[in-house]
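Here are some quick notes on how the helices pack in this one, plus a word on the rings. Have the model open while you read.

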Amino acid sequence: MTTGVLIVDDDELIRVGLRAIIDAQPDLRVLAEAADGAEVPPLVARHRPDVVLMDVRMPGIDGIQATRHLLATSADPPRVLVVTTFANDEYVYEALRAGAAGFLLKRARPAEVVEAVRVVAAGESLLFPAAIRRLAGAYGPTGGDRLTAARLTEREAEVLRLMTTGRSNPEIAAHLVVGVETVKTHVGNVLAKLGVRDRTQAVIAAYESGFVTPSG
């Protein structure tokens, strides 16, 4: 199966570079390009990409607005991977809060770009625990009762805490000495109770609720 990609960036050189990297892979294909977030909805409707590589800072409709609109209006939205120059950008944190599955630095090596696209296309989140912890500490609001209202069980709370460290399902299973399918069930319950789409939003909710803190 080929993974379709939409590239959204106002810098043509960045678009050309990303297209060259992605189209060089037999399982990936760039379906279209856009220079502004305003172009995203019609291109997504026309091409049905699996992944959108979304520049976070654009002069018209930026990546945050475009991501939020796309996820709110599409019945089956593609996965959004934010592309940024700086990992500590407040725009990155807001894009993740809006529903992006992860972020990718523009200076990333070709192999990292390819792996990131494949990871989010497979339905996983591209988590960088240390980076998200720094972003949460710098920009994330504190307080709120989202975790309290979710009424997580003790084991679900434990799984969420391990998710914030970036552990995969097999790694969580090994840590808890349970089966991977059991962990998948717990993760699914956590996402459903928090009302979030994926692990990234669950981790952000954990920080914003004070369930875990940037200081550790």
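1. Start with α4 and helix α11 (residues 199-208): their axes come within 8 Å and cross at roughly 110 degrees. Keep in mind that this is a predicted model. Angles of 65 to 115 degrees count as roughly perpendicular, and α4 and α11 are therefore roughly perpendicular to each other. As for handedness, α4 goes past α11 in a left-handed crossing.

2. Who touches whom here? From α4 you have Y93, L96 and R97, and from α11 the partners are T200, Q201, I204 and E208. Sorted by class, the contact of α4 with α11 holds three nonpolar, two polar and two charged residues.

3. Helix α4 (residues 90-98) also packs against helix α6 (residues 129-139), with the axes 10 Å apart and an angle of about 100 degrees. With 65 to 115 degrees as the range for roughly perpendicular, α4 and α6 therefore get that label too.

4. Which residues make this contact? On the α4 side look at E90, V92, Y93 and L96, and on the α6 side at I132, L135, A136 and Y139. The class count for α4 with α6 is seven nonpolar, no polar and one charged. Y93 and L96 are worth a click, since they turn up in the contact with α6 and also in the one with α11.

5. Next, helix α8 (residues 154-163) and helix α9 (residues 169-176): the axes come within 10 Å and cross at roughly 125 degrees. That angle falls outside the 65 to 115 window and is not over 145, so α8 and α9 are oblique to each other. The crossing of α8 past α9 is right-handed.

6. In that pair, α8 brings R155, E158, V159, L162 and M163, which meet I172, H175 and L176 of α9. By class, the contact of α8 with α9 splits into five nonpolar, one polar and two charged residues.

7. How many aromatic pairs are there? With ring centres required to lie within 6.5 Å, the count is zero.

8. Rings do have charges over them, though. The charged end of R57 sits over the ring of Y91, 3.9 Å from the ring's centre. R161 does likewise with F211, lying over its face at 4.4 Å from the ring centre. Y91 falls within the residue range of α4 (90-98), and R161 within that of α8 (154-163).

Note on methods: Residues are numbered from 1 along each chain as its sequence is written. This is a predicted model: local features need pLDDT of at least 70, side-chain atom pairs count only at pLDDT 80 or more; totals for chains, interfaces and linings use all residues. Side-chain values use heavy atoms; hydrogens and water are left out. Axes are lines fitted to C-alpha atoms, for helices over the stretch in contact, and angles run from 0 to 180 degrees between N-to-C directions. Helices (H or I, at least four residues) and strands (E, at least two) are DSSP runs, numbered from the N terminus. Angles under 35 degrees count as roughly parallel, over 145 as roughly antiparallel, 65 to 115 as roughly perpendicular and the rest as oblique. A crossing is left-handed if the near helix is turned anticlockwise from the far one by less than a right angle, and right-handed if clockwise. Contact means heavy atoms within 4.5 Å. Ala, Val, Leu, Ile, Met, Phe, Trp, Tyr, Cys and Pro count as nonpolar, Asp, Glu, Lys and Arg as charged, and the others, Gly among them, as polar. Rings of Phe, Tyr and Trp (its six-membered ring) pair if their centres lie within 6.5 Å; planes under 30 degrees apart count as stacked, over 60 as edge-to-face and the rest as tilted. A charge sits over a ring if NZ of Lys or CZ of Arg is within 6 Å of the ring centre and within 35 degrees of the ring normal.
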